[in-house]
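Notebook open, structure loaded. I want to see how the chain is put together and then follow the packing inward.

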Amino acid sequence: MNPSILDMLAENVALTRIDLSYNGLTDDALKSLINFLTKNNVVEQLDLSCNRLGPNSAIAIAEGLKANTTLKELALKRNPWLAPGCLVIAKAVVANLELDLDVLDFSGTKEAIFLSLLFKTFRFARSSTSLI
């Protein structure tokens with residue numbers, strides 16, 4: 001997928017749900033991911049599942065989540081995250097008090113069990129967010 005599609009979606013003012021699963025996104029989309037998550041203030045559901053987003057993309061997503069205030073559901077299933085990548089995303093969700101994320105879905109990743117246990121530690125700060 002061409003990262004410029006994410007850049008165009010950052011300017012979206014109508015779509016509230018975007019499904020980019022199975023699109024072959026890789027770490028080449030880093031700047032576009034940050035741009036999208038930082039600028040877009042309409043999208044409530046974002047699915048980035050089943051791509052090839054690695055640890056560097058996790059850092060980019062975390063950077064974008066620090067500024068995002070509209071996401072309610074973020075699906076990141078079956079990407080090659082490593083435990084530190086999952087952790088950096090979870091920390092960004094906990095740290096952004098203006099983000100009212102209901103669902104953070106890492107299911108199907110090797111680190112999902114680790115992250116689920118770790119997230120329970122953070123949950124006291126964000127009791128409304130469910131980790132799948």
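Entry 1, contacts along the chain. I am working from a predicted model. I took the contacts with a separation of 6 or more, and residues 24 or more positions apart account for 84% of them.

Entry 2, the elements. I counted five helices and five strands. Reading from the N terminus, I get α-β-α-β-α-β-α-β-α-β.

Entry 3, inside and outside. Of the 132 residues in the chain, 47% are buried. The chain exposes about 6500 Å², and carbon and sulfur atoms supply 56% of that.

Entry 4, the core. I looked up the largest nonpolar core and found 30 residues in it. I61, L65 and I89 have the most contacts inside this core. The elements that give it two or more residues are α1 (3–10), α2 (30–39), α3 and α4. A general reminder to myself: in soluble globular proteins, nonpolar side chains tend to be buried together.

Entry 5, a helix pair. Next I checked helix α3 (residues 55–65) against helix α4 (residues 83–95): they pack at an angle of about 0°, with axes 8 Å apart. Angles under 35 degrees count as roughly parallel, so I put α3 and α4 down as roughly parallel to each other. On the α3 side the contact is made by A58, I59, I61, A62 and L65, and on the α4 side by G85, V88, I89, A92 and V93. By class, I noted nine nonpolar residues, one polar and no charged ones in this contact.

Entry 6, one residue up close. What does I89 touch, leaving out residues up to four places away in sequence? I found A58, I61, A62 and L65, plus L76, W81, L104 and F106.

Notes. Residues are numbered from 1 along each chain as its sequence is written. This is a predicted model: local features need pLDDT of at least 70, side-chain atom pairs count only at pLDDT 80 or more; totals for chains, interfaces and linings use all residues. Side-chain values use heavy atoms; hydrogens and water are left out. Axes are lines fitted to C-alpha atoms, for helices over the stretch in contact, and angles run from 0 to 180 degrees between N-to-C directions. Helices (H or I, at least four residues) and strands (E, at least two) are DSSP runs, numbered from the N terminus. Angles under 35 degrees count as roughly parallel, over 145 as roughly antiparallel, 65 to 115 as roughly perpendicular and the rest as oblique. Contact means heavy atoms within 4.5 Å. Ala, Val, Leu, Ile, Met, Phe, Trp, Tyr, Cys and Pro count as nonpolar, Asp, Glu, Lys and Arg as charged, and the others, Gly among them, as polar. Buried means under 20% relative accessible area, exposed over 50%, partly exposed in between (1.4 Å probe, protein chains only). Accessible areas come from the Shrake-Rupley method with a 1.4 Å probe; for residues, only the protein chains shown count as cover. A nonpolar core is a set of buried Ala, Val, Leu, Ile, Met, Phe, Trp, Tyr and Cys residues joined through side-chain atoms within 4.5 Å.
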